[in-house]
Amino acid sequence: MKVLIIGSGGREHAIAVSMAKSSRVDKLYCIPGNAGIAQIAECDPSIGVMEFDRITAYAGEHEIDLVFVAPDDPLAGGLVDELEEAGFRVFGPNKKAAILESSKAFSKDLMKKYNIPTAGYETFDNPENALAYLEKAEMPVVLKADGLALGKGVLICNTLEEARAGVREIMQDKHFGSAGDKLVVEEFLTGREVSVLAFVDGKTVIPMTSAQDHKRAGDGDQGPNTGGMGCFSPSPFYTGEVDAFCRRHIYQPTVDAMRAEGREFKGVIFFGLMLTPQGPKVLEYNARFGDPEAQVVLCRMKNDIMDVVDACIDSRLDEINLEFEDNAAVCVVLASEGYPVSYQKGFEITGLERFQEREEYYCFHAGTRADEEGRIVTNGGRVLGVTAKSATLQEARAKAYEAAEWISFGNKYMRRDIGRAIDEA
């Protein structure tokens, strides 16, 4: 098969690495790709993920057998629909189903209607009404831009002053663009955060192994929200009891609810969970693999990824026995100093060759490109996802941080406490 992957980040590199291992994949393509993906796939950096006509034409010219749409924006925009209309086989939810992520208000209303456990909330499309509500609300509160905001449109406000400033930032100053046209105000939940990715075929849902992301830019969960600064899998807090509850009250009910709403979901649902004292509750849904969750989950999956992808598309996921290695993985993101606010790029990256022929080490590229001289240079806020596997989480973390030191580039920055929660388990 010829497979085309849409996207350019660490998630897409992890998907490409899994695809390259498949006995059923002959050739990989990626739009637009990055310097790491280009080592195992033919990339076309001249095409953007939202250029649907050009992507469809490219797929036709290269006689692509399957398109894997990985990022949120093209899913929300309906790339799957356009490709399917053109006759291509596609992995990922269509536009009607991708609303599960593209509208926080939709997903909250869905959970309320179908009794799926989540935080209490109110929705506003007028900043004055939001401010009036906050005057009487119990602090802290969580403010969420309704639309897609690159994983950054969530503000935790501890005081009324912070909440007022948050409304201004999201709804009036449009810090997240049109994503802030509507605002969700949520009660603040406490507990352990866990991410669970699940394959879905419209009816059947099969969860993958658990993971835990670190969203804040700085150590000790300080600083602004980012797309994710590191991750570990599995989460020691995601017990068999928690899994059984989530399968019964969250995973299957979500898939059933989407089908009941005429929005049959095929692809991957990311369940962002909070393990509260009252039980697990849904923080958010994503309509695709998480980043950097994909980096620690896919490298532990035993199945041929193409077998699972085909089963999702053909609604026969119940035939798949999804298996993961009995080990652990930790990913440490190497970022550009100043991310996610402002940062310089274009610095040469050295040390990448040290990952070759090392089975339990991975270096997933995110913001990288090859310059005119063929050197690999930084090209984004999150640059690389250095990932390691080992028998235990503690060992995997030690190996990931060891490998993070192999890499050098100007303004390199990383959190030093990824997986610290492991020690409390």
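Me: Leaving aside its neighbours within four places in sequence, which residues is I170 in contact with?

Reply: Keep in mind that this is a predicted model. Contacts with residues further off in sequence show what a side chain packs against in the fold. I170 touches L143, A145, L155, H175, F176, G180 and L183, once those neighbours are set aside.

Me: And where is I170 placed?

Reply: Look in helix α8, which spans residues 160–172. There is also a chain separation to look at: I170 and D181 are eleven residues apart along the chain, and their C-alpha atoms are separated by 7.9 Å.

Me: Does I170 count as buried or exposed?

Reply: Buried is the word for anything under 20% relative accessible area. I170 has 0% relative accessibility, so it counts as buried.

Me: Let's try a whole helix. Which residues of α2 are buried?

Reply: Helix α2 covers residues 52–61, and its buried residues are F52, I55, T56, Y58 and A59. They span an arc of only 160° around the axis, which means they are on the same side of α2.

Me: Which exposed residues does the face turned away from that buried side carry?

Reply: Those are D53 and E61.

Me: What covers the buried residues of α2?

Reply: The cover includes three strands, β1 (2–7), β2 (27–32) and β3 (42–43), along with the helices α3 (72–77) and α4 (79–85). While you're there, glance just past the end of α2: E63 takes a positive phi of about 50°.

Me: Now the rings. How many aromatic pairs are there in the whole structure?

Reply: A search finds eleven. In general, you describe such a pair by how far apart the ring centres are and by the angle between the planes. Take F68 and F91: their centres are 4.7 Å apart and their planes are at 40°, so this pair is tilted.

Me: Which parts of the chain does that pair tie together?

Reply: F68 belongs to strand β4 (residues 66–69) and F91 to strand β5 (residues 90–91), so the pair ties together parts that are 23 residues apart in sequence. F68 is buried, with a relative accessible area of 2%, and F91 is buried too, at 3%.

Me: Which residues do ring pairs link into a cluster with these two, F68 and F91?

Reply: F199 and F289 join F68 and F91 in that cluster.

Me: Could you walk me through another pair?

Reply: Sure, try Y361 and W406. This pair is tilted, with 5.0 Å centre to centre and 40° between the planes. It links distant parts of the chain, 45 residues apart: Y361 is in strand β18 (residues 361–365), and W406 is in the loop between α12 (393–404) and β22 (412–413). Both partners count as buried, Y361 at 13% relative accessibility and W406 at 8%.

Me: What lies over the face of Y361?

Reply: A charged residue can sit over a ring as well. R358 lies over the face of Y361, at 5.9 Å from the ring centre. Elsewhere, the charged end of K27 sits over the ring of Y29, 5.0 Å from its centre.

Me: Last topic, pockets. What volume does the second largest pocket have?

Reply: About 540 Å³. It is lined by 20 residues, and the closest to its centre are H13, V17, Q39, F355 and C363.

Me: Which element gives the most to that lining?

Reply: Strand β18 does, with five residues. Helix α1 (10–21) and β18 each supply at least two residues of the lining.

Technical notes:
Residues numbered from 1 in each chain as written. Predicted model: local features only at pLDDT ≥ 70, side-chain atom pairs only at ≥ 80, totals over all residues. Heavy atoms only, no water. Buried < 20%, exposed > 50% of the residue type's maximum accessible area, 1.4 Å probe, protein only. Helix = DSSP H or I, 4+ residues; strand = E, 2+ residues; numbered from the N terminus. Arc of directions from axis to C-beta. Contact = heavy atoms within 4.5 Å. Phe/Tyr/Trp six-rings, centres within 6.5 Å; stacked < 30°, edge-to-face > 60°. Lys NZ or Arg CZ within 6 Å of the ring centre and 35° of its normal. 1 Å grid on protein atoms, 1.4 Å probe; cavity = no way out; pocket = protein on both sides within 12 Å on 5 of 7 lines; lining within 4 Å. Points joined across faces, edges and corners; volume = space filled by probe spheres on them.
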